[in-house]
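Student: Got a minute to walk me through this one? I'd like to start with how we sort residues by burial.

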Amino acid sequence: MAVLTNVGPAPYAPERTVAEIEDSEGNRIVISSMRLVGTSIRCACGAVGIEALGRPIVGVVCYCDDCQTAGQRIERMPGASPFRGNDGGTPLIVYRRDRIRDLHGRDHLQQMKQLNSSATNRWVARCCNGAMMMDFDDGKHWVDIYQARFESDPPPPPVSSSD
Ligand SMILES: [Zn+2]
Ligand SMILES: [Zn+2]
């Protein structure tokens, strides 16, 4: 398991000005509400775009049998681009489920299960057979996004869980 290091910009940005005040020396102070910054995730052809808001929970590389079998299967699909490491591991960035937002192309996403009884869904963009993410039928509160699909590096996970 590889964990992302805690470097990089804070995933917050000013949204709008809430108030402007002056301190005792007459300096103007602008108070802004903050929003979570989105990191863009796209399929290889760009038809499917999603956004992950704020910091991920953690970054991992998965070597389980399920990910290896599914990885080989998806990478063999026509036009699919590889998304696993040379060692067969699958780099995943884990986000809270409620921090994922569809931007466009949701219609292209196709659900794939290794077994019908499996709670794990892999979502593949049919437009270019790109593996996008995994979610779960059993109420897990997170989704695993294939790191290969990130347009830029996601912000680092928080040091403490209170972030
Ligand atoms: Zn695509
Ligand atoms: Zn796995």
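Tutor: Sure. A residue counts as exposed if 12 or fewer other C-beta atoms lie within 10 Å of its own, and as buried if there are 20 or more. Keep in mind that this is a predicted model.

Student: Okay, so which residues of H1 are exposed?

Tutor: Asp 65, Thr 69 and Gln 72 are exposed, on the other side of H1 from its buried residues.

Student: And which ones are buried in H1?

Tutor: Those are Cys 67, Ala 70 and Gly 71. Looking down the axis of H1, they fall within an arc of 105°, so they line one face of the helix.

Student: What covers the buried residues?

Tutor: The cover includes S5, S6 and S9.

Student: Let's switch to the sheet. What's the strand order?

Tutor: It's an open sheet of six strands, running S5-S6-S11-S10-S9-S8, with antiparallel pairing. S5 (58-62) and S8 (109-112) are the edge strands, each pairing on one side only. On average, neighbouring strands are turned by 30° against each other, direction ignored.

Student: Where does H1 sit relative to that?

Tutor: Helix H1, residues 65-75, packs on the sheet and touches S5, S6 (90-96), S9 and S10 (130-136). The direction of H1 makes about 20° with that of S9.

Student: Back to the S8 edge: how many bridges join S8 and S9?

Tutor: Four bridges, in the antiparallel sense, with S9 covering residues 120-125.

Student: Which residue in S9 is the bridge partner of Gln 110?

Tutor: Val 124 is the partner there.

How values were computed
Residues numbered from 1 in each chain as written. Chains lettered and ligands numbered in written order. Predicted model: local features only at pLDDT ≥ 70, side-chain atom pairs only at ≥ 80, totals over all residues. Pairing = 2+ DSSP bridges. Helix = DSSP H or I, 4+ residues; strand = E, 2+ residues; numbered from the N terminus. Axes fitted to C-alpha atoms, helices over the stretch in contact; angles between N-to-C directions. Contact = placed C-beta atoms within 7 Å. Arc of directions from axis to C-beta.
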